[in-house]
Amino acid sequence: MATVIELPVDTYKGPVDPDWCPGCGDFGVLKSVQEAAGKLGVKPENLMVVSGIGCSSNLPGFIHAYGVHSLHGRSVPVATGAHLANTDMKTVITGGDGDGYGIGLGHLIHAMRRNLDVTYVVMDNQIYGLTTGQASPTTTKGHKTKSTPAGNIESPLNPLALAITAGATYVARGFSGEQKHLADTIAGGIAHKGFALIDVFSPCVTYNKINTYPWFKERVYKLEDEGWDPSADYYKSLEKSFEWGDKIPLGVIYKHEMDTYEDLEPALKNGALVKQPLEIDKKVFNSFIEELI
Ligand code: SF4
């Protein structure tokens, strides 16, 4: 096994500082993604961060790595294409609950069932923050928001149960108020071979006055403190993913080793596409590119 040379977190300091509201949970997530990459010794030139639209989706602009700030809900297909072009890169998708579980949900389900070897970190603040506080797919029932003044009448989505049943092979939850634990959880997802979905409680201090840091701190506990084995039993993991209320678990809920999409795709048998011969005339290739730009 290759020796890992850890890199300092400053390696990933982006060209501009985040403009999130002071206290936003996304600060802790950014630091955790940077620390996770550093722990694994992933150099910035080997790291690609792809996002959609939303407060949290601004993250690629705040990290020193390759990045794409794509369209609302489209981070997963953009990341899929970029990743399949160069499977030697570590691909991390970042974004919010509205972007990933609402607008982009169809893409997410199919990426999980393919067991694509990417890591998706969802900054789940249970609200649409950028558009100033509307109900999102994970807003709890009864929650009064700008778009639900009489209280939310819809039941929230359970992203962990969805991920386990859709085919993701590393399913975890983190909390930006437990930043070091979150960094370890994200590092585990990046190191895992297969689709990693990490749902992160990342409080929106401006528009969600219910799911706050103190609200989570009273409830969360770490699965590893209870000796939880995420690989032991699929159905127990699924059951655990429904635990919510006075006690909410953090950590890796489900983990499974199996072939990835990349393992099975014949076009990748000889390695990353970007490193394979073009096998068409350069002029023809250039004419395709010209058509696209
Ligand atoms: Fe963070 Fe909410 Fe402010 Fe957006 S509006 S930056 S999610 S605190």
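User: In this predicted model, which residues of helix 2 are called buried, and what makes them so?

Analyst: In helix 2, which spans residues 75-85, the buried residues are S75, V76, A79, T80, H83 and L84. They are given this name because each has under 20% relative accessible area, which is the cut-off for a buried residue.

User: How do you know on which side of helix 2 they lie?

Analyst: The buried residues cover an arc of only 145° around the axis, and therefore they sit on the same side of helix 2.

User: What covers the buried residues of helix 2?

Analyst: The cover includes strand 1 (47-51), strand 3 and strand 4 (119-124), together with helix 3 (97-103), helix 4 (105-113) and helix 9 (261-264). Contact here rests on heavy atoms within 4.5 Å.

User: Strand 3 brings us to the pockets; what makes a residue part of the lining of the largest pocket, and which lie nearest its centre?

Analyst: A lining residue has an atom within 4 Å of a point of the pocket, and 24 residues line the largest pocket, with L40, V42, K90, I190 and A191 nearest its centre. Strand 3 (90-96) and helix 6 (179-191) each supply at least two residues of this lining, and the space in the largest pocket is about 470 Å³.

User: Which residues surround the ligand, and how do you know that they are near the ligand?

Analyst: The ligand is surrounded by W20, C21, C24, C55, N125, G129, C204, V205, T206 and Y207. Each counts as near because one of its heavy atoms lies within 4 Å of the ligand. By class, this shell has seven nonpolar, three polar and no charged residues.

Methods
Residues are numbered from 1 along each chain as its sequence is written. This is a predicted model: local features need pLDDT of at least 70, side-chain atom pairs count only at pLDDT 80 or more; totals for chains, interfaces and linings use all residues. Side-chain values use heavy atoms; hydrogens and water are left out. On a 1 Å grid over the protein atoms alone, a cavity is a set of points where a 1.4 Å probe fits but cannot get out, and a pocket is an open set with protein on both sides within 12 Å along at least five of seven lines; lining residues have an atom within 4 Å of a point. Grid points are joined across faces, edges and corners, and a volume is the space filled by probe spheres set on the points. Helices (H or I, at least four residues) and strands (E, at least two) are DSSP runs, numbered from the N terminus. Ala, Val, Leu, Ile, Met, Phe, Trp, Tyr, Cys and Pro count as nonpolar, Asp, Glu, Lys and Arg as charged, and the others, Gly among them, as polar. Buried means under 20% relative accessible area, exposed over 50%, partly exposed in between (1.4 Å probe, protein chains only). The arc is that of the directions from the helix axis to the C-beta atoms.
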